[in-house]
Amino acid sequence: MNDVRSDRLRALPPYLFAEIDRKKRAARNAGRDIIDFGVGDPDQPTHDFIIARMERAIRNPKNHPYPLGGGSPDFRKNIAAFFQKRYSVELDPAREVLALIGSKEGLGHLPLAVVSVGQTVLIPSPGYPVYRAATIFACAEPFTVELTAATHWLPDFDMIPAEVTRKARLMFLNYPNNPTGATATLDFFKRAVAFGRQHNVLIAHDAAYNDMYLTGAPPPSILQVPGAHDVAIEFHSASKTFNMTGWRIGFVAGNADVIAALAAVKANFDSGVFGAVQEAACEAYANFERPELYKMRELYTARAAILCDGLNQFGFQAQPPQATFYVWAGVPRGYDCMTVCSRLLDEADVVGVPGSGFGPTGEGYVRFAVNVSAERIKTAIERMSRMKW
Ligand SMILES: *Cc1c(COP(=O)(O)O)cnc(C)c1O
């Protein structure tokens with residue numbers, strides 16, 4: 001057998017971080033002290049009050065069999081209560097909430113549920129690579145919607161050609177945004193809902209960072225827009241908010257028909273989220289205003305400030321993000337992002353992610369995730385400051 005991969009797997013875009021990954025591994029194996037700003041994964045442990053609930057939940061035999069597919073009634077009720085408190089949005093726990101094995105799982109399965117072969121999916125670039133992969137797996141056509149600094153990394157709906165919107169069935173959005181850290185206002189979400197309504201395009205908003213705001217006001221939900229439930233769903237994740245990336249739990253909320261379709265797909269792939277993890281997530285979402293979360297935001301804010309100050313000293317253009325733990329830094333003049341990342345690794349043992357890995361308009365930027373202690377950030381800056389730009 002030459003190439004065992006399916007046509008869909010072969011159609012995925014090439015993995016642009018492969019070269020950086022290879023160099024990173026080689027450097028580590030050579031015993032070099034790598035400071036890794038590459039991974040979007042909290043370096044802090046899950047908060048104690050969540051672990052305490054898990055310790056009890058895991059001993060309860062009720063949690064040991066297959067969990068109910070869409071999440072326990074209690075989980076859904078807790079999520080509806082969270083939505084009421086956080087966004088003043090009413091959700092029907094039975095029909096408008098679905099538990100996910102992390103939001104990535106739901107985002108990945110969504111096109112199979114609502115997009116037919118050959119229909120178009122609108123995908124923001126730069127953006128989270130899963131949207132495109134999921135579209136290709138569903139034998140649908142990705143159409144790239146370019147985001148740029150000039151429009152604050154928000155799509156301009158009027159720039160999408162009429163012949164594309166005619167065939168489009170689904171559009172992914174993601175604010176606060178990975179990789180740019182950009183945020184969206186409720187006014188923007190109103191435009192998104194109006195666009196969805198006018199063209200019969202389902203809007204799937206990825207809100208994985210909605211509770212990872214640092215300096216600005218808490219970001220809105222697209223479901224706060226009147227009538228949003230007709231055309232929109234929103235993906236949420238406990239991963240970044242509660243330092244729970246390894247636990248695998250998130251949820252999707254919004255349009256009941258879409259949620260039923262996604263649940264029907266999921267019923268054929270998985271058997272739900274471990275009941276004890278659902279219980280722990282209930283504890284997390286019931287306590288989303290606890291001081292631990294504010295402390296965590298202060299930690300990321302302080303780290304981002306230190307990193308930006310340092311980067312700006314040697315020709316990068318970096319502003320602390322209002323939300324997310326990503327610093328999206330413009331590279332020193334005359335450089336492309338691949339060259340910058342290679343040099344950072346070769347000359348300073350520092351890892352950043354080339355912006356072009358998230359799409360062509362990411363060229364000219366490097367993404368630094370501040371999941372590294374302040375002390376290590378200072379060491380990284382000291383090393384970078386010795387480089388000649
Ligand atoms: C991290 C991330 C997710 C996925 O998080 P899960 O752990 O699967 O809940 C989804 N979208 C974006 C943009 C992310 O950065």
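Strand E5, helix H8 and strand E6 form a β-α-β unit with a right-handed crossover. The model is predicted. H8 covers residues 186–199. E5 covers residues 168–174, and E6 covers residues 202–206.

**Strand E5 and its neighbours**

Is E5 mostly covered or mostly open? Mostly covered: six of its seven residues are buried. E5 pairs with E3 and also with E6. Both pairings are set out below.

| Strand pair | Sense | Bridges | One bridge or facing pair |
|---|---|---|---|
| E3 (residues 120–125) and E5 | parallel | three | Leu122 and Met171 |
| E5 and E6 (residues 202–206) | parallel | five | Leu170 and Leu202 |

Within E5, Met171 is the bridge partner of Leu122. Leu170 stands opposite Leu202 of E6. E6 thus appears twice here: as a parallel partner of E5, and as the closing strand of the β-α-β unit.

**Helices H5 and H6**

Two packed helices are described by the angle between their axes and the distance between the axes. How do H5 and H6 cross? Helix H5 spans residues 103–114, and helix H6 spans residues 130–137. Their axes come within 7 Å. The crossing angle is roughly 35°, and the crossing is right-handed.

Which residues meet? From H5 come Lys104, Leu107, Gly108, Pro111 and Leu112. From H6 come Val130, Tyr131, Ala134, Thr135 and Phe137. The residues of this contact divide into seven nonpolar, two polar and one charged.

Notes:
Residues numbered from 1 in each chain as written. Predicted model: local features only at pLDDT ≥ 70, side-chain atom pairs only at ≥ 80, totals over all residues. Heavy atoms only, no water. Axes fitted to C-alpha atoms, helices over the stretch in contact; angles between N-to-C directions. Helix = DSSP H or I, 4+ residues; strand = E, 2+ residues; numbered from the N terminus. Left-handed = near helix turned anticlockwise from the far one by under 90°. Contact = heavy atoms within 4.5 Å. Nonpolar A, V, L, I, M, F, W, Y, C, P; charged D, E, K, R; others polar. Buried < 20%, exposed > 50% of the residue type's maximum accessible area, 1.4 Å probe, protein only. Pairing = 2+ DSSP bridges. Right-handed = clockwise from strand over helix to strand, strands pointing away.
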